[in-house]
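Colleague: Please take a close look at one part of this model, a group of paired strands, and then place that part in the rest of the assembly. One connected account would suit me better than a list.

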Amino acid sequence: MRNIYLSLLLLLSGTAFAQMPNDGLMMPQGQLCILGQYSNSAWKNYWQGETKRSNSNLGAVSTQSALLMGNYGITSNLNAMIGLPHVWTDASDSYLSGQKGVQDLVVFLKYQALEHAALGGKLKLQATGGLSSPVTNYPADFLPLSIGLHSKTASLRGVFNYTADFGLYLTAQAGHTWRSITKTDRDSYIFDNELILNNEMPVPNVFDYSVRLGFIKTRFQTEFWYDSFTGLTGDDIRYNEAPQPTNKMAAAQVGWFGKGFVTKRLGLIVTVSQVLSGRNVGESLTWTAGATYFLDVNKRAAESK
Amino acid sequence: MKNLHLPYRSAILIGLLFAFNQCDKTPENPVEAPYAETSLDQPAGNWKTYVLVNGSEVAVDAPQASNAAAYTAELADLKSKMAAATNEEKDIAQWWGGNGVARWNKIALELAANYNVPPNNNEDGTYPVPDAANPTVYPRFPFANPPVTSRALALLSVAQYDALVTCWHHKFQHNRLAPYKYDASIQPLIPANDLPSYPSEDAVVAAASRELLKFIFPGEVAYLDQKAEEHKNSRLWAGANVQSDLSAGDSLGRKIALRIINDWAKKDKMGAANNQPGFAAQRDDATARGITTQWNSLDLPTRPPMLPAFGNVKTWNFDEATKIALRPATPPQPGSAEFEASLVELRKFSKECTREQFRITAFWADGVGTYTPPGHWNRLAGDYIREKQLNEIRTARVYALLNTALEDAGIACWDTKYYYMLPRPTEVDPSIRTSTGIPNFPAFTSGHSTFSGAAAEVLSYLFPDHASDASAWAQEAAVSRVYGCIHYRFDSEIGLAHGKKVGEYAVSRGRNDGSE
């Protein structure tokens, strides 16, 4: 059973992070997959620049999200995806109010450029382009409790996948995300020790890559992955201060993903991941639980005639 | 086998995009070009000074005459320096020409923002104290919180003002004009004027600011020295001063800054402002007046109160007895009906804060890592100064009136806070969560409101067509603390009124300082 699993972590715990763990599968033409996913990410330690520390005035900083996503096969080589999360934040020992709201709408177009039988399996090359835009007017400059960076983004990534006929697979991907300026409610801020007298904060562009090793069969799939992203410019969190959307954020994390089909159409997904090292981000432990449902849009259209 | 061209083309495209992926990600400040002097203000040499007796108290050597051989040699030296100036140096000359007093004010705001960081706690739960003898070791000295910043700006502005009054006095004694008045081949890079140029007002301001800011920020000596040298050199690159104008100005500015430091700053009781051992007696004093429910730190771990004796620091525009007479009356006490009523709207704001209320709170927060509320009002004053194209001495007068009022407001407010020890709303009702940080000092009255009331009063007097703007800003700053759920409404209303009264004393001085 072909399916595509898409997990989108747009912003977790002050990290701007567009990740698409991708098993290299494409949706067949006319098929729609709907994903509903809950995500919970929390940290106590964080990196102030490259120095790991904690802040007793925060406690555990958590970000939860509920994501709704659709993935449609326009053709068997071209898929379109759309997603929208609702995000909640909180800091367990802080008197500061947690934030909540609908975050950023994300749209992807994925193109399979090449599929070639080789080495006892299949080699695939894919390219994905994405756009995202905030949907509500949430404040960005309230880290680590803001629900997002309120920046418009555009991304481009390349995906390589090899899947052996007996089920083992390897996926490697790399991508680049451009991010627009974000506006702060203040009319001045410090960037790199310089006083800036306006309300526009540049948000660094991001380069990311990941490697996934997994196993896939008709009714289940599991994989381990390693994932890294780096802001390409930006300043560091200053001594004993709050993060800022201008910060150079980076993180490397490892994770596990598992999926099983309960019925022909309904799949359940679980992931767990841990940030191992970072810069200006939290040492997050994240778990997600979701369900995917599969619809044959063409067949239904034919049936209803 | 599918078509291979597309993936290769895609790869090349991606590669290209990686290559020029960076549109400039460095934020920029607005360019503020130099403007012409709108008035010479010859009588400014007789304006009332703050620390000096008057503008003639400090002497300056008489300059060489404009027809002397020594001066002619200086003109030749100036021309060669102008010719040798690089494009970067010419840009710097333009930058410093955009009002040297305002530029040094911005340098002070930037330093304040960079030093406005509360220390992180030690492993054992105690907090380290910034050490003036080791200013660059974390926690850096000073911790530029709102009271410290208000005092730093007041000292800087008074030093600049007293020095410029003296400078103006001597300029019109000697009447030696700018070099381009004696040599038509000198084309200045900034607007020309008829102001006598000996001693150089820019060198006076550079030296006075450099010395004063080195006193406040001892970890920044190299940076401040470099900035002052750059400011003075910019006058050569601009063709606006000869070297002797600058040397005389530097000597004068430095002398006067040291007078402000020795005659005021070292005697104003700031040294005792962080009197932690004396805090227990302050608590007992409040208890004796019937104040049984008192403020406690909400920081984790518990942090000692911020500057409990800043209220004893010497004020500029009124005396100790007046300060005490102006002090607000006892606020509603926890448990009383009026106090409980004030919590109702805070619980509401805590649960449902609109986006606009959040924005107002964030706009006026001026908290950790920023130039503080006094800095915010200096920034607004800078906009008005530029709009009216005030010359250096009038600019210095604006900042001196504003910043002495702001420091007085900080002193009056801190005196009130530690007299009444009122707890913060979240201490009394932990369900009240906030949209801004809770500062580590008692509630009544609101510092933001007191600073803003004073600043609006002074700026309304100095810029009458901005009076209603300034007043509206002050109201918004005051209510922002209520929206943020860290102050009761009476903290802000009474703080605003208290600040306005403090500001009136600065206005009264301004009306009588000889400038009108």
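Modeller: Two strands are taken as paired if DSSP finds at least two bridges between them. The model is a predicted one, and the part I have chosen is the stretch of chain A around strand β7, residues 78-91. By the pairing rule, β6 (residues 61-75) and β7 of chain A qualify, with 14 bridges between them in an antiparallel arrangement. The connection between β6(A) and β7(A) is a hairpin of two residues. Within this pair, Leu68(A) has Leu84(A) of β7(A) opposite.

β7(A) also pairs with two other strands. With β9(A) it shares six bridges, again running antiparallel, and here Leu78(A) faces Tyr111(A) of β9(A). With β8(A), which covers residues 100-102, the sense is antiparallel too and there are three bridges. In that pairing, Val87(A) is placed opposite Gly101(A) of β8(A). As background, side chains in a regular strand alternate between the two faces of the sheet.

β9(A) leads from this group of strands to the other chain. Across the contact between the chains, 39 residues of chain A meet 43 residues of chain B. On chain A, the elements that supply at least two residues each are β9 (104-118), β10 (121-134), β11 (153-164), β12 (168-179), β14 (189-191) and β15 (194-196). Of these, β9(A) gives the most, namely four residues. By residue type, the side of chain A that touches chain B has 18 nonpolar, twelve polar and nine charged residues.

One residue of β9(A) can be singled out. Is Ala117(A), which lies in that strand, buried or exposed? Ala117(A) is exposed, because 10 other C-beta atoms lie within 10 Å and the cut-off for exposed is 12 or fewer. Its C-alpha atom is separated by 25 Å from that of Asn71(A), the two residues being 46 apart along the chain.

The setting of these strands is a chain with one helix and 21 strands. Chain A has 305 residues, and buried residues make up 50% of them. Taking contacts in chain A between residues at least 6 apart in sequence, 63% join residues at least 24 apart. Confidence for chain A averages a pLDDT of 89, with 90% of the residues at 70 or more. The stretch of residues 1-21 of chain A has pLDDT under 50 throughout, although the model has 84 contacts beyond four places in sequence for it.

Across the contact, chain B is divided into domain 1 (42-46 + 78-267) and domain 2 (276-511). The centres of these two domains, taken over C-alpha atoms, are 29 Å apart. Domain 1 of chain B puts 31 residues into the contact between them, and domain 2 of chain B puts in 33. On the side of domain 1, α4 (100-115), α5 (146-174) and α6 (201-216) of chain B are the elements that give two or more residues. The largest share comes from α5(B), with 13 residues. That side of domain 1 divides into 18 nonpolar, eleven polar and two charged residues.

The nonpolar cores come next. The largest has 140 residues, and Leu402(B) and Ala455(B) have the most contacts inside it. Helix α14 of chain B, residues 392-420, gives the most to this core, with 17 residues. Because domain 1 and domain 2 of chain B both give residues to the core, it lies between them. Leaving out residues up to four places away in sequence, Leu402(B) touches Trp377(B), Asn378(B), Ala381(B), Ala455(B), Val458(B) and Leu459(B). Another core, of 13 residues, lies apart from that one, and Ala42(A), Trp43(A), Ala250(A) and Ala251(A) are among its members.

One helix of chain B can be set against the core. Helix α9 of chain B, residues 279-288, has one buried residue out of ten, so it lies largely in the open. Just after α9(B) comes Gly290(B), whose phi is positive, at about 90 degrees.

Technical notes:
Residues are numbered from 1 along each chain as its sequence is written. Chains are lettered from A and ligands numbered from 1 in the order in which they are written. This is a predicted model: local features need pLDDT of at least 70, side-chain atom pairs count only at pLDDT 80 or more; totals for chains, interfaces and linings use all residues. Two residues are in contact if their C-beta atoms, placed from the backbone, lie within 7 Å. Ala, Val, Leu, Ile, Met, Phe, Trp, Tyr, Cys and Pro count as nonpolar, Asp, Glu, Lys and Arg as charged, and the others, Gly among them, as polar. A nonpolar core is a set of buried Ala, Val, Leu, Ile, Met, Phe, Trp, Tyr and Cys residues joined through C-beta atoms within 7 Å. A residue is buried if 20 or more other C-beta atoms lie within 10 Å of its own, exposed if 12 or fewer, and partly exposed in between; C-beta atoms are placed from the backbone. Domain bounds come from an automatic or database domain assignment. pLDDT is the predictor's confidence in each residue, from 0 to 100.
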